[in-house]
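Work through these exercises with the sequence and the model open. Try each task before you read its solution.

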Amino acid sequence: MACLKKQLKDAFNLVCMEKKAEKLKRVAVATGVDLVVHAAGPFQRDDKCTVLQAATFTKTRYTDICDGVDYSWRAKSFHEQAKASGVPALITAGISPG
């Protein structure tokens, strides 16, 4: 078990449950995070896509589990920014039919 914990620790970085863009940028740059998984909802209350913005700004891969329609449309508006950053941004991985 200790060997598995070390392998997991070496393979992944756990950042924080933070939605403030500037702090996220500092954490991502300082820790060398490979992937941001945004699961800090509820997304319906967010009027900005700060986590997505921070991830694309720092050229960090991104995914979220958003199930809010309005938020997902706002996130889609960052397509060109994410594309220009050269890293994938998978949004709305939490939407499921019915």
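**Exercise 1. Find the buried residues of α3 and decide how enclosed the helix is.**

Step 1. Fix the terms. Buried means under 20% relative accessible area, exposed means over 50%, and partly exposed is in between (1.4 Å probe, protein chains only). Helices (H or I, at least four residues) and strands (E, at least two) are DSSP runs, numbered from the N terminus.

Step 2. List the residues. Thr50, Val51, Leu52, Ala54, Ala55 and Thr56 of α3 are buried.

Step 3. Conclude. Of the 8 residues of α3, 6 are buried, so the rest of the structure largely encloses this helix.

Step 4. Know your source. This is a predicted model: local features need pLDDT of at least 70, side-chain atom pairs count only at pLDDT 80 or more, and totals for chains, interfaces and linings use all residues. Residues are numbered from 1 along each chain as its sequence is written, and side-chain values use heavy atoms, with hydrogens and water left out.

**Exercise 2. Describe the loop between α3 and β2 at Lys59 and Thr60.**

Step 1. Look at the backbone. Just after α3, Lys59 has a positive phi of about 60°. Most residues other than glycine have a negative phi. Lys59 is not a glycine.

Step 2. Check accessibility. Lys59 is exposed, with a relative accessible area of 53%. Thr60 is buried, at 3%.

Step 3. Find a contact. The side chains of Thr60 and Thr58 make a polar contact at 2.8 Å. A polar contact is a pair of N or O atoms within 3.5 Å; within protein, one must be able to donate a hydrogen and the other to accept it, and residues adjacent in sequence count only if both atoms are side-chain atoms.

Step 4. Look for another such phi. Thr92 also has a positive phi of about 60° and is not a glycine. Thr92 is in the segment after β3 (89-90).

**Exercise 3. Work out the order of the strands in the sheet and what stands at its edges.**

Step 1. Read the order. The open sheet has 3 strands, in the order β1-β2-β3, with parallel pairing. β1 (35-38) and β3 stand at the edges, each with a single partner strand, so one side of each has no neighbour in the sheet.

Step 2. Count bridges. Two strands pair if DSSP finds at least two bridges between them. β1 and β2 are joined by 4 bridges. β2 and β3 are joined by 2 bridges.

Step 3. Match residues. His38 stands opposite Asp64 in β2. Tyr62 has Ala89 in β3 as its bridge partner.

Step 4. Sort the faces of β1. Val36 and His38 point to one face and are buried. Leu35 and Val37 point to the other face and are not buried. In a regular strand the side chains alternate between the two faces of the sheet.

**Exercise 4. Explain why Cys49 and Cys66 form no disulfide.**

Step 1. State the cut-off. A disulfide is a pair of cysteine sulfur atoms within 2.5 Å.

Step 2. Compare. The sulfur of Cys49 is 8.0 Å from the closest cysteine sulfur, that of Cys66, which is too far for a bond. A search of the whole structure finds 0 disulfides.

Step 3. Add accessibility. Cys49 is buried at 1% relative accessibility. Cys66 is buried too, at 0%.

**Exercise 5. Place Asp70 and Lys76 in their surroundings.**

Step 1. Take Asp70. Asp70 is in helix α4 (residues 69-76). Asp70 is exposed, with a relative accessible area of 57%. Asp70 and Gln44 are 26 residues apart in sequence, but 7.2 Å apart in space, C-alpha to C-alpha.

Step 2. Take Lys76. Lys76 lies over the face of Trp73, at 5.2 Å from the ring centre. A charge sits over a ring if NZ of Lys or CZ of Arg is within 6 Å of the ring centre and within 35 degrees of the ring normal.

**Exercise 6. Summarise the fold and the confidence of the protein.**

Step 1. Count elements. The protein has 5 helices and 3 strands. Along the sequence the pattern is α-α-β-α-β-α-α-β.

Step 2. Note burial. Of the 98 residues, 36% are buried.

Step 3. Judge confidence. pLDDT is the predictor's confidence in each residue, from 0 to 100. The average is 75, and 66% of the residues score at least 70. Among the elements, helix α1 (residues 2-11) has the lowest mean pLDDT, 51, and β3 the highest, 92. Where pLDDT is low, the predicted coordinates should not be read in detail.
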